Amino acid sequence: MEITDLLCQALQRQSQDICNALRLVASTKLLLQKMKDERWDDPKSVDEPFRSGDVIKLVEKFYPEDFNEQEKVVLKIQLQHYKIDVVQHANYKLFKSMSELCQWLIKTRRVANFHLIYRVASLILTLPVSTATTERSFSAMNLIKTRLRNKMEDEFLNDSLVLHFERELAEKISLETVIEDFKMQKIVAFLFDK
């Protein structure tokens with residue numbers, strides 16, 4: 001049932017893509033034949049270039065909040081079909097980056113069949129950006145919260161960090177406008193107090 005589930009879902013979609021459906025038929029047949037031949041014993045190859053177990057471990061370890069239990073089961077099924085349909089494709093070895101692979105999945109409309117694999121790839125592609133942003137934030141905090149400013153309250157620290165990150169915008173604010181805004185706030189507060 002697990003092997004045929006992806007094919008059944010693809011055939012039930014309103015927008016039918018015959019080429020992708022035929023590929024899923026072929027990969028389903030191969031997986032069923034493999035199950036029959038190996039009885040799910042799945043002998044592992046050490047030098048195997050694509051290991052779906054590693055993808056599952058990656059999801060379970062680093063992205064547990066991004067995939068529910070049902071999606072993890074479906075991901076395992078998608079990985080079996082992916083291994084036959086995509087990994088064995090002639091273009092697969094030509095991809096130099098995961099970004100190129102994602103673009104190819106979209107271009108060939110295989111992303112509809114392998115949407116969870118695409119999600120994993122997207123999460124992996126955003127990791128360097130999120131890591132760099134975090135590192136910049138800690139570097140900025142070290143610049144702002146020095147030994148002399150060690151007793152800084154969290155709110156003031158947060159405001160200072162915002163000014164540091166948005167310094168291009170902050171440079172456009174003149175001292176005169178800040179003074180005028182402050183005066184206006186005092187006038188408004190004075191009028192409302194009476």
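Is Tyr-92 buried, partly exposed or exposed? With a relative accessibility of 22%, Tyr-92 counts as partly exposed, because the buried class is kept for values under 20%. This value, like the others below, was computed from a predicted model.

**Overall make-up**

The protein chain contains nine helices and zero strands. Read from the N terminus, its elements therefore run α-α-α-α-α-α-α-α-α, with helices defined as DSSP runs. Of the 194 residues in the chain, 25% are buried. Among the contacts with a separation of 6 or more, 62% join residues that are 24 or more positions apart. The chain exposes about 14,700 Å², and 59% of that area is supplied by carbon and sulfur atoms.

**Aromatic rings**

A pair of aromatic rings is described by the distance of the centres and the angle of the planes. Three aromatic pairs are present in the structure. Tyr-92 and Phe-95 form an edge-to-face pair, because their planes stand at 85° with the ring centres 6.4 Å apart. Phe-95 also pairs with Trp-104, and this pair is tilted, at 5.4 Å centre to centre and 55° between the planes. Through these ring pairs, Tyr-92, Phe-95 and Trp-104 are linked into a cluster. Within the cluster, Tyr-92 is partly exposed, whereas Trp-104 is buried at 6% relative accessibility.

**Nonpolar cores**

In soluble globular proteins, nonpolar side chains tend to be buried together. The largest nonpolar core here has 23 residues, of which Phe-67, Leu-75, Tyr-82, Val-86, Leu-105 and Phe-114 touch the most other members. At least two residues of this core come from each of helix H1 (2-12), helix H3 (52-62), helix H4 (69-85), helix H5 (98-107) and helix H6 (115-144). The most is given by H4, with five residues.

Leaving out residues up to four places away in sequence, Leu-105 touches Tyr-82, Val-86, Arg-110, Val-111, Phe-114 and Tyr-118. Another core, of five residues, lies apart from the largest one and includes Ala-140, Met-152, Leu-157 and Leu-161.

**Individual residues**

The table lists the relative accessible area of some residues and the class that follows from it.

| Residue | Relative accessible area | Class |
|---|---|---|
| Trp-104 | 6% | buried |
| Lys-72 | 12% | buried |
| Tyr-92 | 22% | partly exposed |
| Leu-58 | 25% | partly exposed |
| Leu-175 | 60% | exposed |

Lys-72 belongs to helix H4. Its relative accessible area is 12%, so Lys-72 is buried. Setting aside neighbours within four places in sequence, Lys-72 is in contact with Val-59, Glu-60, Pro-64 and Phe-67. One of these partners, Phe-67, also appears in the largest nonpolar core.

Leu-58 is part of helix H3. Its relative accessibility of 25% makes Leu-58 partly exposed. Not counting residues up to four places away in sequence, Leu-58 touches Tyr-63, Val-120 and Ile-124. Leu-58 and Val-120 are separated by 62 residues in sequence, yet their C-alpha atoms are 8.8 Å apart in space.

**A surface patch**

Which residues form a nonpolar patch on the surface? The patch consists of Ile-173, Leu-175, Val-178 and Ile-179, and together these residues have about 370 Å² of accessible area. Leu-175 lies in helix H9, which covers residues 175-193. At 60% relative accessible area, Leu-175 is exposed, because that class takes values over 50%.

How values were computed:
Residues are numbered from 1 along each chain as its sequence is written. This is a predicted model: local features need pLDDT of at least 70, side-chain atom pairs count only at pLDDT 80 or more; totals for chains, interfaces and linings use all residues. Side-chain values use heavy atoms; hydrogens and water are left out. Helices (H or I, at least four residues) and strands (E, at least two) are DSSP runs, numbered from the N terminus. Buried means under 20% relative accessible area, exposed over 50%, partly exposed in between (1.4 Å probe, protein chains only). Contact means heavy atoms within 4.5 Å. Accessible areas come from the Shrake-Rupley method with a 1.4 Å probe; for residues, only the protein chains shown count as cover. Patches are made of residues with over 30% relative accessible area and no salt bridge: like charges are joined within 9 Å, nonpolar side chains (Val, Leu, Ile, Met, Phe, Trp, Tyr) within 5 Å. A salt bridge is a side-chain nitrogen of Lys or Arg within 4 Å of a carboxyl oxygen of Asp or Glu. A nonpolar core is a set of buried Ala, Val, Leu, Ile, Met, Phe, Trp, Tyr and Cys residues joined through side-chain atoms within 4.5 Å. Rings of Phe, Tyr and Trp (its six-membered ring) pair if their centres lie within 6.5 Å; planes under 30 degrees apart count as stacked, over 60 as edge-to-face and the rest as tilted.
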